[in-house]
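Good morning, and thank you for making time for this presentation. Please look at the sequence and the structure as they appear on the screen.

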Number of protein chains: 2
Amino acid sequence: MDRGNRPARLRPVTITDIATRTGVAPSTVSRALNNPGRVSAATRERVAAAARELNYVPNSQARALSSGRTGTIALLVSDVTNPFYFGLIRGTQQQLKAGGYAQLLIDTEDSGEHEAEMLHKMRQSLDGAILAAPRLSERPLSRLAGEIPLVVINRHVRGVPRVMIDTPAGIGQAVEHLVSLGHRDIVYVSGPERSWSNEARWHAMRAAVERHGRRTRRVGPFPPGRRSGSAAADAVLNTGATACVVFNDLLAIGMLTRLRERGVAVPADLSVVGCDDIFGADFCNPPLTTLAAPIEEAGRAAVAMLLARLDQRPARVLRRAVVLPTHLTVRESTGPVPSRAGTVPGP
Amino acid sequence: MDRGNRPARLRPVTITDIATRTGVAPSTVSRALNNPGRVSAATRERVAAAARELNYVPNSQARALSSGRTGTIALLVSDVTNPFYFGLIRGTQQQLKAGGYAQLLIDTEDSGEHEAEMLHKMRQSLDGAILAAPRLSERPLSRLAGEIPLVVINRHVRGVPRVMIDTPAGIGQAVEHLVSLGHRDIVYVSGPERSWSNEARWHAMRAAVERHGRRTRRVGPFPPGRRSGSAAADAVLNTGATACVVFNDLLAIGMLTRLRERGVAVPADLSVVGCDDIFGADFCNPPLTTLAAPIEEAGRAAVAMLLARLDQRPARVLRRAVVLPTHLTVRESTGPVPSRAGTVPGP
DNA sequence: AAAATCATGGCAACCGTTTGCCAAACTTTG
DNA sequence: CAAAGTTTGGCAAACGGTTGCCATGATTTT
């Protein structure tokens, strides 16, 4: 059939091709395409027509080399499989595509060093980066922000623009909810120690409980995965608490599984509140009461902030922070306090 | 504190810097770094030392421009939020990182045209691409494969290397399982019409049921999301079947939710089998019996195939296809056929 | 009508790296 | 010891754009 004349990855069309075809200089072609005000309407139109006919696609490498702009933004997440990031990936992807940027996805494997190293190595290939819940400590993070435009999500670092999901405020709602159901002994199930969000949530929790004249404790820390749910569930049962607020939904879902295994009824014996409202929180068993976070919106906001910064036009007001509200979504993992808080059923 | 002397995004170190420092020509530096056999051990060492001291990071744009290799591989998925792709994203990410490549994630929004267009535009910025379950029709797909090295997942196109997850074979297992439980009337819940996998699964299903001297039907097509689960569940109930095999887990989970709402007990009234074993299939309610697919492995295999192709060394045997087996994972959404297949309970 | 301004297009340098080709120095071989 | 071969390093030309600067001609201002 088609043997012989395979086009063999033909040479791509360049501005020089357009230039010879239209009889102008390559520089004029470049300007006609990117800097429309700089050439006459007539030539601009001729160039555009030629580009269209030849099916011209600019070579982003070459463009990057001379202009310094690569058209690529990286999204760094600590673990691509954590469903929390799905919304982020999607939100940023959408907004980046709308802005004409490509998204480079990087998994930092939960390591601050990885974050720093990757970012440093790629800084010349990127116009900017979005760091989701960075593990990196404050110092190197600000240093990095000097090397390359950065927006961080759920982290507060001086001088680095940020998008915050206000889960701490939501935690107040969660505590009100639990207290109104009669719970007096509520524990916090802690996520990773190095996580900024974890500390913020814990502090919010303590403050909220103290407003009711009570004290709270925390168990953990636990890695924020489903696997850790077993240990977390056992630890909570040992405290004798009637309710818990969990660092994130992933961990909470893991706990739910374990509690079911152990024959502990949720919410009859123990109420569980998660954070983030990830994929699965609504169809696990029982469906999880959780703090719904506008994750996709956070992604979009982060991109918007970053692109605003890359935009040359000087007279722009640049927001230094965006705070997004969360709200409690009540499902079936929370309920009235058990009539007699007794001992825990055996396994 | 640190006012005044902010380094203002300082000029990155180039091979020329290394060259002047070691007293050799830039070309020698380039060779010392990338083509070690080409220079003497002594200079190579001196260059390496200088590079280390100066903390040199090669500019990938410049390298790409002259060498044609970009060090970037794209992964195209039809919808980043479909949990099926999480494993793929992770698997490819791992293997690419190991091979020193960066991963560009592209959402094609379920459109074949998007696929073609994006790929065409980016072909100069990519060394290759992995297409997950492409929607594109066969013709343009082979044409694209001529423009840029490609590996497709779950799709059979002549001349394009592929990784196949052998769900059709697994469907046989699923049917055996259901038949052994007494089911005689099993329907297939169809995914998108344009999906190659969907057709493959349907054919396998029909063949498997016919081996038992029975016939089967299908309902649908449905978009492969949870939202479609309601319609799918209702359609299945109308058929009066006692069991169904569903195009994918996402749809199956959606059905489970709907069935629960309608008071249909799973598996007492209806058995449900999904495909893929995505995140959530194990903790939904009831946990889903499904065809577990080695998705991460598929991602790794696809990367391995692609990189083998990019590798220059000629005397390599290039696999044209990899087929990965699936197996039935029995959980709690399948059970014995109802004693009297009666009418469906009302809503 | 001369001077100043403006719009438009071309020239050429540059971005940082790779690579074909050549030259020098050194090593082997006959 | 000369001829041939082998290392090793340098020169310079790409790769495909962008952009500062200049020249030309047209337009406006005084």
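How many residues does the contact take from chain A and from chain B? The contact takes 36 residues from each: 36 from chain A and 36 from chain B. Two residues are in contact here if their C-beta atoms, placed from the backbone, lie within 7 Å.

Before I continue, a word on conventions. This is a predicted model, in which local features need pLDDT of at least 70 and side-chain atom pairs count only at pLDDT 80 or more, while totals for chains, interfaces and linings use all residues. Residues are numbered from 1 along each chain as its sequence is written, and chains are lettered from A and ligands numbered from 1 in the order in which they are written.

I return to the side of chain A that touches chain B. At least two residues of that side come from each of α4 (60-67), α5 (84-98), β2 (102-107), α7 (138-147) and α11 (249-261) of chain A. These elements are DSSP runs numbered from the N terminus, with helices being H or I of at least four residues and strands being E of at least two. By class, that side of chain A holds 17 nonpolar, 13 polar and six charged residues. Nonpolar means Ala, Val, Leu, Ile, Met, Phe, Trp, Tyr, Cys and Pro; charged means Asp, Glu, Lys and Arg; the others, Gly among them, count as polar.

How are the two chains related? A turn of 180° with a shift of 0.0 Å along the axis lays chain A on chain B with an RMSD of 0.1 Å. That is the relation of a two-fold axis. The same surface serves both copies, as 100% of the contact residues of chain A recur in chain B. The superposition is by least squares on the C-alpha atoms of residues with pLDDT of at least 70 in both copies.

Next, the DNA. Which residues come nearest to DNA strand C? Of the 24 residues around this strand, they are Ser66(A), Thr14(B), Ser27(B), Ser30(B) and Ser66(B). A residue is near a strand if its C-beta atom, placed from the backbone, lies within 6 Å of it. The surface near DNA strand C draws at least two residues from each of α2 (26-34) and α4 of chain A, and α2 (26-34) and α4 (60-67) of chain B. It has ten nonpolar, twelve polar and two charged residues.

DNA strand D is surrounded by 24 residues, the closest being Ser27(A), Ser30(A), Ser66(A), Ser27(B) and Ser66(B). For this strand, α2 and α4 of chain A and α2 and α4 of chain B each supply at least two residues of the nearby surface. That surface divides into ten nonpolar, twelve polar and two charged residues.

I turn now to the interior of the chains. Helix α6 (residues 112-122) of chain A has Glu115(A), Met118(A), Leu119(A) and Met122(A) buried. Buried means that 20 or more other C-beta atoms lie within 10 Å of the residue's own, exposed means 12 or fewer, and partly exposed lies in between, with C-beta atoms placed from the backbone. Seen down the axis of α6(A), the buried residues fall within an arc of 95°, so they line one face of the helix. Exposed residues Glu113(A) and Glu117(A) sit on the face turned away from that buried side. The cover over the buried residues includes β1 (72-77), β2, β3 (128-132) and α7 of chain A.

In chain B, Leu251(B) belongs to helix α11. Leu251(B) is buried, with 27 other C-beta atoms within 10 Å. Phe222(B) is 29 residues from Leu251(B) in sequence, yet the two are 8.4 Å apart, C-alpha to C-alpha. Beyond four places in sequence, the contacts of Leu251(B) include Phe222(B), Pro224(B) and Val246(B).

Some backbone features also deserve attention. The peptide bond from Val266(A) to Pro267(A) is cis, with omega near 10°, and Pro267(A) lies in the loop between α11 and β9 (271-276) of chain A. A cis peptide bond also joins Val266(B) and Pro267(B), with omega about 10°. Asn154(A), which is not glycine, has a positive phi near 55°, and its place is in the loop between β4 (150-153) and β5 (162-166) of chain A.

Finally, confidence. The mean pLDDT of chain A, the predictor's confidence in each residue from 0 to 100, is 89, and 93% of its residues reach 70 or more. Over residues 1-9 of chain A, pLDDT stays under 50.

Technical notes:
Arc of directions from axis to C-beta.
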